[in-house]
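Visitor: Could you walk me through this model and show me how its labels are earned?
Guide: Gladly; let's have it on screen and begin.

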Amino acid sequence: MLDLGSGSGEMLCTWARDYGVIGTGIDMSQLFTEQAKLRAEKLGVADQVKFIHGDAAGFVSDEKAGVAACLGATWIAGGVVGTIELLAQSLRPGGIILIGEPYWRQLPPTEDVARGCLAGSISDFLLLPELLASFGHLATTSWKWFWQTKTAGTDTRRPSGSPCADGLKPIPTTSSRKMFEPN
Ligand SMILES: C[S@@+](CC[C@H](N)C(=O)[O-])C[C@H]1O[C@@H](n2cnc3c(N)ncnc32)[C@H](O)[C@@H]1O
């Protein structure tokens, strides 16, 4: 697995522990990279994961990955489309691209409200249908959407029809799923 903008290595380390994955994370924050290495040792997976302190922009792995990910850092390749194109270069045939991207659940009425949501401006993010449409044209075999909401302090991960890894019940297929799954 390759994780661009791996932060403090939470995903790679816990997936190494829980699912036995091996992988590499790259992050330009020295602090986060150190924290990721410490996490790997703490979780007993230091022999499975490697964390590199460096710029992930333009990074293409020599060894192709089964999962190529970028969660919350798609600006490294100019947005979701560029990040998909970048990750695809490190992906082996049949692999999975995993992207984490914020979106507006409803458009903020003013720029002040957007900044109050910790965005730089309204244009930083799209509504979900627009976000999905922005890369739906890419020739990829299939897409799966997981949308995550935060309600009253509880994380809810809603997969598009498949069982949740965290044990939550699968959400039934809906018409919106069809709309968001072009292939
Ligand atoms: C919002 S955090 C997400 C971290 C992690 N993916 C997660 O989901 O917990 C964004 C991360 O991207 C890193 N980052 C930003 N620009 C980067 C770049 N050009 N190359 C590598 N990492 C970068 C930051 O240091 C930060 O750790």
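Guide: Keep in mind that this model is predicted. A good place to start is strand β2 (residues 23-27), joined to β3 by five bridges, with the two strands running parallel.

Visitor: What makes β2 and β3 a pair?
Guide: Pairing takes at least two bridges between the strands; five join β2 to β3, so they count as paired. One bridge sets Gly23 with its partner Val49 in β3.

Visitor: And how do you know that β1 pairs with β4?
Guide: Two bridges join β1 (residues 2-4) to β4, and at least two are needed, so the pair qualifies. Leu2 has Ala68 as its bridge partner in β4.

Visitor: What links β4 to β5?
Guide: Six bridges, again with the strands parallel; Ala69, for instance, stands opposite Leu98 in β5.

Visitor: In what order do the strands lie in the sheet?
Guide: The open sheet has five strands in the order β3-β2-β1-β4-β5, with parallel pairing. Why are β3 (49-53) and β5 (91-100) called edge strands? Because each pairs on one side only. From one strand to the next, the twist averages 15°.

Visitor: Which helices pack on the sheet?
Guide: Helix α2 (residues 30-42) touches β2 and β3, its direction making about 165° with that of β3. Helix α3 (residues 80-88) touches β4 (65-71) and β5, at about 150° to the direction of β5.

Visitor: Why is the β4, α3 and β5 unit called right-handed?
Guide: With the strands pointing away from the viewer, a right-handed path from the first strand over the helix to the second runs clockwise; β4, α3 and β5 make such a β-α-β unit.

Notes
Residues numbered from 1 in each chain as written. Predicted model: local features only at pLDDT ≥ 70, side-chain atom pairs only at ≥ 80, totals over all residues. Helix = DSSP H or I, 4+ residues; strand = E, 2+ residues; numbered from the N terminus. Axes fitted to C-alpha atoms, helices over the stretch in contact; angles between N-to-C directions. Contact = placed C-beta atoms within 7 Å.
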